[in-house]
Amino acid sequence: MSVETVSPIYYDPFDVQIDRTVHATWRRMREEEPVYWNDRYRFYALSRFEDVWNGYHDTATFSSTHGVQLETLDEPTAFPSVIFMDPPEHGVMRKLVSRAFTPRRIAALNSYIETLVDRCLDPLVGSSGFDYVQQFGALVPPMVIGYMLGIPEDERDMLRRWFDEMLHREEGQTEQMNPTSLNASLQVHAYATKLIEERRRHPGEDMISTLVDAEIEEDNVRRRLTDDEVALFVVLLAGAGVETVARLLSWTAVTLAQHPDQRRLLVDDPSLVPGAIEEILRYEAPSPVNGRWTLRDFSAHGVDIPAGSKVLLLNGSANRDQREFTDPDIFDVRRNIQRHITFGFGAHYCLGAALARLEGCAALAGTLARFPEWEIDESELVPVQTSTVRGFASVPIHLG
Ligand code: HEM
């Protein structure tokens with residue numbers, strides 16, 4: 001008689017091999033261990049849609065004050081950045097920085113984004129192929145942030161290079177910082193401080209002018225943001241708004257090459273593009289893992305999570321939960337999506353979600369208009385994988 005052995009589930013977000021087939025691992029976690037415990041790195045992980053959703057809303061239990069990356073969760077973070085705050089401080093800071101993200105301001109970026117798309121893609125028409133990330137997807141997001149910050153056109157590329165270096169990772173590194181990224185962060189901070197001084201003297205319509213001019217109320221005292229708080233927000237934008245969009249565009253090129261029938265639908269009917277970006281966001285979340293620190297005991301599915309624990313909220317898994325989505329592993333650009341968790345939810349819901357969607361739509365529409373078909377060779381893809389971000393640093397595409 002043969003005895004069937006089932007291997008235990010092992011998941012950790014640092015393991016590049018696991019990452020290659022991570023959807024299979026997450027599926028097992030959702031079905032067999034919806035509250036998963038990793039003994040090596042000592043974290044819990046929630047993988048079902050409802051649990052992740054509730055986790056984002058329950059800031060009294062799941063705190064952001066230890067950062068949101070697994071490698072920082074043991075200690076409270078030293079940075080007074082909006083993403084690392086809990087209510088009520090978080091609400092005060094968020095109200096202020098969200099002034100820089102009003103729908104009017106974001107919509108006003110559209111024509112600049114379209115110009116950037118044209119500038120990147122036009123010279124590539126007629127070529128036999130190009131690197132969709134290196135020559136396009138990684139260039140647009142930092143230039144857009146430079147524009148939002150009101151940085152002169154000829155200095156935006158310098159900022160883009162610093163942002164790039166900030167995201168530099170050493171081989172096998174699980175630490176957040178290395179000399180290259182630390183040095184680049186310091187340069188961005190110093191450059192932002194110089195801009196802040198300038199904008200205090202000569203305010204404009206840009207994001208920095210908005211932030212230096214705004215007042216917050218703390219303990220019944222009104223005050224302006226310090227230069228350091230504004231500069232830290234600029235540094236946060238590099239982490240939050242550059243790499244994520246670049247990875248979204250990497251998934252766009254890869255997923256549509258893998259589903260040429262779906263791509264054909266978009267070429268025939270470009271009005272489907274916004275729905276396609278939503279489906280790509282759901283299907284391959286660029287930021288699939290978000291960490292939290294528990295402030296009080298919590299129980300789910302018969303597992304007790306004590307206060308003072310590290311917990312990962314797995315957006316990428318939640319988005320493939322069949323309790324929420326019909327046929328979740330099928331990629332369907334016409335899917336009617338009511339909600340997904342790619343941008344988190346609740347208090348910390350991504351401030352740049354509308355901008356990311358705008359960039360995604362402009363990039364995809366611009367691509368399809370010039371290159372209705374392309375192929376990829378999966379052995380040429382270069383994955384980027386950190387404990388929070390997932391996608392590709394290089395996606396060579398081959399044109400027919
Ligand atoms: C596809 C692209 C993007 C993805 C997948 C993404 C994902 C996320 C997620 C999951 C969160 C919640 C983090 C948490 O709860 O701990 C978040 C927050 C945030 N995102 Fe994004 N993001 C994207 C693009 C952007 C862009 C373009 C910007 C700005 C230019 C941006 C700025 C922010 C900020 C400032 C927060 C913190 C909000 C808060 O703490 O209240 N993001 N993002």
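A salt bridge is a side-chain nitrogen of Lys or Arg within 4 Å of a carboxyl oxygen of Asp or Glu. Keep that in mind for the close-ups below, which come from a predicted model.

**View 1. A network of salt bridges links six residues: Asp-19, Arg-27, Glu-284, Arg-320, Asp-329 and Arg-390.** Side chains of opposite charge can pair when their charged atoms come close. By the rule given above, the count for this model comes to 30 salt bridges. One member of the network, Glu-284, gets a view of its own next.

**View 2. Glu-284 sits in the loop between α15 and β7.** Is Glu-284 buried or exposed? Glu-284 counts as buried because its relative accessibility is 9%, and buried means under 20%. Its side chain makes a polar contact with the side chain of His-23, at 2.9 Å. Leaving aside residues up to four places away in sequence, Glu-284 touches His-23, Trp-251, Thr-255, Arg-320 and Arg-390. Two of these names, Arg-320 and Arg-390, may look familiar, as they belong to the network of View 1.

**View 3. Helix α15 is mostly covered, with nine of its eleven residues buried.** Among the buried residues you can look for Val-273, Ile-277, Glu-278, Leu-281 and Tyr-283. Which elements do the buried residues of α15 pack against? They pack against α2 (22-32), α13, α14 (260-268) and α17.

**View 4. Glu-278 and Arg-357 form a salt bridge, with their closest N and O atoms 2.7 Å apart.** This pair links distant parts of the chain: Glu-278 belongs to helix α15 (residues 273-283) and Arg-357 to helix α17, 79 residues apart. Glu-278 is buried, since its relative accessible area is 17%. Arg-357, at 26%, is partly exposed.

**View 5. Arg-156 and Glu-153 pair within one helix, their closest N and O atoms being 3.7 Å apart in a salt bridge.** Why are these two residues separated by about one helical turn? The reason is that they stand three residues apart in helix α9 (residues 153-166). An α-helix has 3.6 residues a turn, so residues three or four places apart point the same way. Arg-156 is buried, with a relative accessible area of 7%, whereas Glu-153 counts as partly exposed at 42%.

**View 6. The side chains of Arg-42 and Asp-39 meet in a salt bridge, 3.3 Å from N to O.** Take a moment to look at Asp-39: it counts as exposed because its relative accessibility is 53%, and exposed means over 50%.

**View 7. The ligand is surrounded by 29 residues, the closest being His-90, Arg-94, Arg-292, His-348 and Cys-350.** Several polar atoms of the protein face polar atoms of the ligand here. A polar side-chain atom of His-348 lies 2.6 Å from an oxygen atom of the ligand. For Asn-290, a polar side-chain atom lies 3.2 Å from an oxygen atom of the ligand. Ala-240 uses its backbone instead: one of its backbone N or O atoms lies 3.3 Å from a nitrogen atom of the ligand. Elements giving two or more residues to the shell are α4 (89-97), α12 (227-241), α13 (243-258), β7 (289-294) and α17 (353-370). Which element gives the largest share? That is α12, with four residues. Sorted by class, the shell has 18 nonpolar, nine polar and two charged residues.

**View 8. Cys-350 is the only protein donor of the iron atom of the ligand.** The donor atom is SG, at 2.3 Å from the iron. To find Cys-350, follow the chain to the loop between α16 (315-318) and α17.

**View 9. Ser-309 lies in the loop between β9 (303-305) and β10 (310-314).** At 7% relative accessibility, Ser-309 counts as buried. Which backbone oxygen does the side chain of Ser-309 reach? It is that of Pro-306, at 2.6 Å. Not counting residues up to four places away in sequence, Ser-309 touches Tyr-44, Arg-292, Trp-293 and Thr-294. You have already met Arg-292, which is among the residues closest to the ligand.

**View 10. Gln-187 has its place in helix α10 (residues 179-201).** With a relative accessibility of 31%, Gln-187 counts as partly exposed. The C-alpha atoms of Gln-187 and Leu-159 are separated by 9.2 Å, while the two residues are 28 residues apart along the chain.

Technical notes. Residues numbered from 1 in each chain as written. Predicted model: local features only at pLDDT ≥ 70, side-chain atom pairs only at ≥ 80, totals over all residues. Heavy atoms only, no water. Buried < 20%, exposed > 50% of the residue type's maximum accessible area, 1.4 Å probe, protein only. Near = heavy atom within 4 Å. Polar contact = N/O pair within 3.5 Å; in protein donor to acceptor, adjacent residues only side chain to side chain. Nonpolar A, V, L, I, M, F, W, Y, C, P; charged D, E, K, R; others polar. Donors = N, O, S within 2.8 Å, 3.2 Å for Na, K, Ca; no water. Contact = heavy atoms within 4.5 Å.
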